[in-house]
Amino acid sequence: MKFFRTAIGAAVLVTCIGQTASAATGNVLFNGTITATCTLTVNSNGTMTVSTNLQSLSSHNAGGSAGSVQVDTTGGVSLSVDPVTSTTVPASDVTATTWTPTFASTGAHTIAETGTTTALAAPGTSTVAVNLAGTKGGSNRFSAGNYQATVTLRCE
Amino acid sequence: MTYVRILAAALAVALVPIAASGQSMTPMRGEVRSFTDAFAVRVFPGNPYDQRIRVEIHVYDQNFQPVDARITPNAFLLAGQASRPVLVVVPFDGATERKVRICTESIPFPSEQTQIRAQICGKFFGHRRF
């Protein structure tokens, strides 16, 4: 009898070998879509100083400083600056000034200083330095007084 | 058992969609089909700063010429880290399709020599169906 029980038990165990567990399984899918996004945060505006020959008013000159903007993006966007159209100059300045806005970027996107539209293909956070230079030609000079200009930095 | 509950709660929190606190405008791309003589887009400008700012919405064509669109509202004060919906209705002006840029512009901080105006533009394509 003892042998019979052992034989039956062994037979059942052998039968169960290779059988899968009866608990059911299922897959739950998760989908998500992120469209291109861009955030511009102006950290600081810029300061322009005049050159010794009084023909350049620029954030590049000694004592001047670039504006700083933080860019956060998923990528797939582009960065550009608009031509400067909005300026305030002293009444004594009656001669023409050529304004040239430029930008450069460090961080997730390394961009050498440029004034043209630049693609930001990769995602990440960068710090953009925005510069502005005003120049006068010939014998024209910048005058004493307050100058102000607005640079539009666009992410699209 | 308590451990399992804590784990389940943590997983649930991790799966909650995380709102992008610094979003300046979303969406930035879109394609709309309309059966009328105009198409509508709803955008969500956001304020990434901690303080309240003034925001303006403008609509331009592909050459950055202003488009006579109905924007509701077109200028408003936005609280820090907040966003709000803006409805933009763009007329087809007789065309069967129209590409426009909808731009969110922040007003620069005053009293600085070189002001920076941040502008986020989305590109939207409207198709007219008859």
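In this short talk I will go through a predicted model of two chains, A and B, taking the make-up of each chain, then a sheet in chain B, and finally the core and the contact between the chains.

Let me begin with chain A, which has 156 residues, 28% of them buried. Its secondary structure consists of 1 helix and 11 strands, and, reading from the N terminus, the helix is followed by the strands, in the pattern α-β-β-β-β-β-β-β-β-β-β-β. If we take the contacts in chain A between residues at least 6 apart in sequence, 67% of them join residues that are at least 24 apart.

Chain B has 130 residues, and here 31% count as buried. We find 1 helix and 9 strands in chain B, and the order from the N terminus is α-β-β-β-β-β-β-β-β-β. For the contacts in chain B with a separation of 6 or more, residues 24 or more positions apart account for 61%.

Now to the sheet in chain B. How are its strands ordered, and is the pairing parallel or antiparallel? The sheet is open, with 4 strands in the order β1-β3-β7-β5, and the pairing is antiparallel. At the edges stand β1 (25–26) and β5 (70–72) of chain B, each of which pairs on one side only.

We can walk across this sheet from one edge to the other. Strand β1(B) pairs with β3(B), residues 38–45, through 2 bridges in the antiparallel sense, and within that pairing M25(B) has P45(B) as its bridge partner. The next step, from β3(B) to β7(B), is again antiparallel and is made over 6 bridges; here V41(B) is partnered by V88(B) of β7(B). Finally, β7(B), residues 86–91, is joined to β5(B) by 3 bridges, with the two strands running antiparallel, and T72(B) stands opposite L87(B) in that pairing. As a general reminder, strands of a sheet pair through backbone hydrogen bonds.

I would like to stay for a moment with one residue of the edge strand β5 of chain B, namely R70(B). Why does R70(B) count as partly exposed? The reason is that R70(B) has 13 other C-beta atoms within 10 Å, and a residue is called exposed at 12 or fewer and buried at 20 or more, so that this one falls in between. The C-alpha atom of R70(B) is separated by 6.6 Å from that of V90(B), although the two residues are 20 apart along the chain.

Turning to the interior, the largest nonpolar core holds 42 residues, and those that touch the most other members are L40(A), V69(A), V130(A), L153(A), V88(B), I102(B) and I120(B). The largest share of this core comes from β9(B), with 5 residues. V88(B), then, is both one of these core residues and the bridge partner of V41(B) in the sheet. Another of them, V130(A), is in contact, leaving aside neighbours within four places in sequence, with residues of chain A that include G46(A), V69(A), F103(A) and L153(A), and also with I116(B).

That brings me to the contact between the chains, which takes 29 residues from chain A and 24 residues from chain B. Which strand gives the most to the side of chain B that touches chain A? It is β9 of chain B, residues 114–128, with 9 residues. Sorted by class, this side of chain B has 11 nonpolar, 8 polar and 5 charged residues.

Conventions. Residues are numbered from 1 along each chain as its sequence is written. Chains are lettered from A and ligands numbered from 1 in the order in which they are written. This is a predicted model: local features need pLDDT of at least 70, side-chain atom pairs count only at pLDDT 80 or more; totals for chains, interfaces and linings use all residues. Two residues are in contact if their C-beta atoms, placed from the backbone, lie within 7 Å. Ala, Val, Leu, Ile, Met, Phe, Trp, Tyr, Cys and Pro count as nonpolar, Asp, Glu, Lys and Arg as charged, and the others, Gly among them, as polar. A nonpolar core is a set of buried Ala, Val, Leu, Ile, Met, Phe, Trp, Tyr and Cys residues joined through C-beta atoms within 7 Å. Two strands pair if DSSP finds at least two bridges between them.
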